[in-house]
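I opened this entry to look up helix packing, domain contacts and charge pairs. My notes follow the structure.

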Amino acid sequence: MEKGVKRWLVDTSKWNPTPHDFSSALSVLPQHERSSITRFLRMEDRKQALVSRLLQYALIHEVLGIPYNEIVIKRTFEGKPYLECSKVGVEFPNFNFNVSHHGDHVAIASEPLCLVGVDVVCCIKPEKESVPEFIENFSSYFSSLEWDNIINTGTSDEILVDFYRYWCLKEAFVKAVGSGVAYGVDKVEFHHTNWTNISVKVDGEPLTEWRFWLFKLPERHWVAQL
């Protein structure tokens, strides 16, 4: 890969730390980052949040060589993390990174020039309602073409998987541009050929300079990146 381009994925289900190990890993982070992790009640949520933060610091240190104690990560109003530092230099004029976690996986990606977005989803079956009832709650986030593709894809399980595929791509895109879900994701319309040759239109206009990838992970997880 080009220098500055990183793609890391961690399966957190393989890590079962003792309380001492977890505290040791947590102590590596700045104090303000620790509180954003310990606020979670469930250990699984704490573990994912911790791995997410550790990956961000490790990636910045590896790519840019900045000492850990000098790394300052802040977030935009929409929640996109960014490096507050003047040490990026001319080699990485637009260094940016993005991170996502859901289910068992945490993913992080970085780019030295292009905007980067990544999103992980776990295709969780709803427990208290049917698949059609569940996805109907999110129908306003999809274009009419996307919605028709989803609901006509086949069985309930196939509908759920397609729903999450589209959702994953949309999240990765809006995270890349830093606009969050409020961007108006119903205006972001994805096109594909059997989930290859993926492209996007915004307000009906093709964005030909964007490239998308969608990968299947173990245990009903998917990751989208651009």
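I started with helix α5 (residues 144–151) and helix α6 (residues 156–177) in this predicted model. Their axes come within 8 Å and cross at roughly 150°. Angles over 145 degrees count as roughly antiparallel, so I logged α5 as roughly antiparallel to α6.

Next I looked up which residues make the contact. From α5 I noted E146, N149, I150 and I151. From α6 I noted I159, D162, F163, Y166 and K170. I sorted the residues of this contact by type: five are nonpolar, one is polar and three are charged.

I then turned to the domains. The domain assignment splits the protein chain into domain 1 (2–116) and domain 2 (120–225). I found 25 Å between the C-alpha centres of domain 1 and domain 2. How many residues of each domain are in contact with the other? I counted 14 in domain 1 and 16 in domain 2. The area buried between the two domains is about 1200 Å². Carbon and sulfur atoms give 58% of that area. I also checked for salt bridges between domain 1 and domain 2, and the count is zero.

Last, I went through the salt bridges as a whole. The count comes to eleven. I picked out one of them, R7 with E111. Their closest N and O atoms are 2.7 Å apart. What does this pair tie together? R7 lies in strand β1 (residues 6–11) and E111 in strand β5 (residues 105–111), so the salt bridge joins parts that are 104 residues apart in sequence.

Notes
Residues numbered from 1 in each chain as written. Predicted model: local features only at pLDDT ≥ 70, side-chain atom pairs only at ≥ 80, totals over all residues. Heavy atoms only, no water. Axes fitted to C-alpha atoms, helices over the stretch in contact; angles between N-to-C directions. Helix = DSSP H or I, 4+ residues; strand = E, 2+ residues; numbered from the N terminus. Parallel < 35°, antiparallel > 145°, perpendicular 65-115°, else oblique. Contact = heavy atoms within 4.5 Å. Nonpolar A, V, L, I, M, F, W, Y, C, P; charged D, E, K, R; others polar. Domains from an automatic or database assignment. Buried area = accessible area lost by both parts, 1.4 Å probe. Salt bridge = Lys/Arg side-chain N within 4 Å of Asp/Glu carboxyl O.
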